[in-house]
Amino acid sequence: MGAEHGGAVGSADVGSGRVAGVAPGPERPLRVVVVGAGMAAARLAEELRAGQPDPGAMTVTVLGAEAEEPYNRIMLSHLAATGGPELPVAWLKPTGWWERHHVALRTSTPVVAIDRPAREVLLGDGERLGYDHLVLATGAQPRIPPVEGIRVARSGPGGGPDRDLAPGVFTLRDVAGARALTAHLSAHPGPVAVVGGGFIGLEVACAMAAAGHEVTVVHPRDRPMNGVLDAGAGSVLVRALAAAGVRVRTGVRATRWDGGRLELDDDEIACRTVVLTAGSAPRADVARAAGLAVDDGVVVNDSLLTCDPAISAIGDCAQHRGVVGGLVAPAWEQATVVAARLTGVDPSARYTGGLSVTRLKASGLDVVALGELTAEQDGPDSGDEVEVTTISEPARCRYARVDVVGGRIVGAALVGHPEPVGMITQLYEDALPLPEDMVSVILGRAEAVAVPSPATMPATAVVCRCNGVRKSDLVAAWGDGARDRVGLAERTRAGTGCGGCSSAVDGICGWLREAG
């Protein structure tokens with residue numbers, strides 16, 4: 001089910017305003033329809049309007065199944081643990097943005113089918129909506145592990161994976177799930193079991209522990225975050241989690257839930273609340289039913305086109321070069337590429353893959369994973385030797401490993417080392433050369449490292465990953481009168497997510513202030 005990387009799954013002259021043979025004349029604008037109203041869709045709408053602000057030349061319609069406008073999903077775990085009956089939601093756009101930018105946002109509007117020959121989508125209420133180019137940004141849905149008693153029979157037709165969960169069992173993929181969990185915790189404030197020890201599961205666990213709950217994480221692998229951390233980092237992370245009030249059970253599986261106990265392979269947890277964070281799967285049913293190529297996700301090429309040249313896919317639902325997404329930064333990069341092609345800003349824009357940067361957003365717990373840690377002693381496809389630098393201080397809950405090939409960082413795992421995170425991330429993302437003393441870099445003492453300053457940072461550089469705020473956004477907000485980090489946060493939301501970008505925002509503030 002693969003696709004050529006550099007070639008076309010389909011071909012479309014999108015740059016000239018023609019999509020798959022459709023050439024709307026002056027009497028009809030190009031109709032772009034986006035299925036899904038998540039973080040990727042919101043960025044796509046923004047980029048489309050930035051490239052083509054004239055609604056007479058291009059109409060943009062965003063169809064969301066949820067009742068809410070697009071919001072920051074990254075913060076759901078924190079909101080669910082600390083929110084009251086009226087769960088606060090971090091909206092991605094300020095009030096009135098959609099109307100001012102002539103983007104038709106339709107919430108509570110699920111798409112149930114795609115009629116490719118007619119170039120129409122069928123909505124849940126039977127309405128048909130035509131498109132010249134369709135973009136699938138349907139995201140992902142939670143995987144439900146095979147635990148006896150975790151599901152109950154549906155009482156009626158329809159319903160997604162969250163609607164047939166047993167009482168006391170929750171997922172955190174959307175606001176509805178977060179609100180349901182918040183209400184349940186208010187009524188049952190006792191122990192919580194989190195099934196799944198990836199970074200989302202750990203964020204949930206830490207947020208619950210910080211809110212005063214007794215939390216146990218159940219993870220079937222030998223260490224939490226096993227996909228991005230090595231054994232040393234995983235062992236230290238377990239100790240750090242214990243210090244934060246989170247118990248971790250690794251190498252065991254949940255087997256049965258009865259509403260008051262979660263049974264494991266070798267033990268049981270007395271609790272009234274179970275949160276499932278056992279991974280996710282692309283929402284690709286509508287694409288599959290329409291005859292599009294679907295493997296793990298909707299297969300796309302470097303142009304992010306599917307096998308139908310009138311349809312693109314981005315974000316968590318898309319599979320590019322055999323990889324399905326899961327992080328927001330690559331989804332935003334994909335949105336930029338599709339918008340550049342559709343608006344004609346850059347008809348040759350391509351997406352060749354994003355960099356992997358994962359940061360655990362939990363108060364008092366710093367965990368960062370970059371790239372891929374090497375398994376062999378030889379560099380990937382290069383013949384270069386891998387230089388592995390490791391500093392381990394288990395008693396202090398600190399661990400650092402940085403893998404270097406050819407003088408460039410290819411992977412890193414940092415637990416309890418917040419000082420060098422900004423430096424190492426920039427060195428990795430920009431493939432900058434390193435000094436000989438890697439230990440000094442890890443310890444944050446490499447003042448001589450030529451890391452780009454705010455002045456040399458490109459305008460498109462993402463400063464706040466949680467909210468997708470670029471340097472150019474901060475510069476524009478400064479020009480509009482925001483004169484400090486608080487003001488910039490109010491205008492752009494930079495720093496209102498995990499807070500990891502605060503120092504970078506301060507640096508840009510200082511640079512702008514000096515520049516006058």
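So, V32: its bridge partner in strand β7 is H133. That pair belongs to a bigger pattern, where strand β1, residues 30-35, and β7 run parallel and are joined by 4 bridges. Keep in mind, by the way, that we're looking at a predicted model.

Now let's stay with β7, which covers residues 133-136. What does β7 pair with besides β1? Strand β19, residues 311-313, runs parallel to β7, and 3 bridges hold the two together. If you want one pair to look up on screen, take L136, whose bridge partner in β19 is A313.

And the side chains of β7? H133 and V135 point one way, L134 and L136 point the other way, and all of them are buried.

Okay, over to the helices. Helix α11 is residues 471-479 and helix α12 is residues 485-492; their axes come within 10 Å and cross at roughly 110°. That crossing angle is why we can call α11 roughly perpendicular to α12. Who's touching whom? From α11 you've got D473, L474, A477 and W478, and they meet L488, R491 and T492 in α12. Sort the residues of that contact by type and you get 4 nonpolar, 1 polar and 2 charged.

Last thing, how far to trust all this. The chain's average pLDDT is 87, and 87% of the residues score at least 70. But there are weak spots, including residues 1-23, where pLDDT stays under 50 and the model has 58 contacts beyond four places in sequence. Residues 157-162 also stay under 50, with 9 such contacts. Where pLDDT is low, the predicted coordinates shouldn't be read in detail.

Notes. Residues are numbered from 1 along each chain as its sequence is written. This is a predicted model: local features need pLDDT of at least 70, side-chain atom pairs count only at pLDDT 80 or more; totals for chains, interfaces and linings use all residues. Side-chain values use heavy atoms; hydrogens and water are left out. Buried means under 20% relative accessible area, exposed over 50%, partly exposed in between (1.4 Å probe, protein chains only). Two strands pair if DSSP finds at least two bridges between them. pLDDT is the predictor's confidence in each residue, from 0 to 100. Contact means heavy atoms within 4.5 Å. Axes are lines fitted to C-alpha atoms, for helices over the stretch in contact, and angles run from 0 to 180 degrees between N-to-C directions. Angles under 35 degrees count as roughly parallel, over 145 as roughly antiparallel, 65 to 115 as roughly perpendicular and the rest as oblique. Ala, Val, Leu, Ile, Met, Phe, Trp, Tyr, Cys and Pro count as nonpolar, Asp, Glu, Lys and Arg as charged, and the others, Gly among them, as polar.
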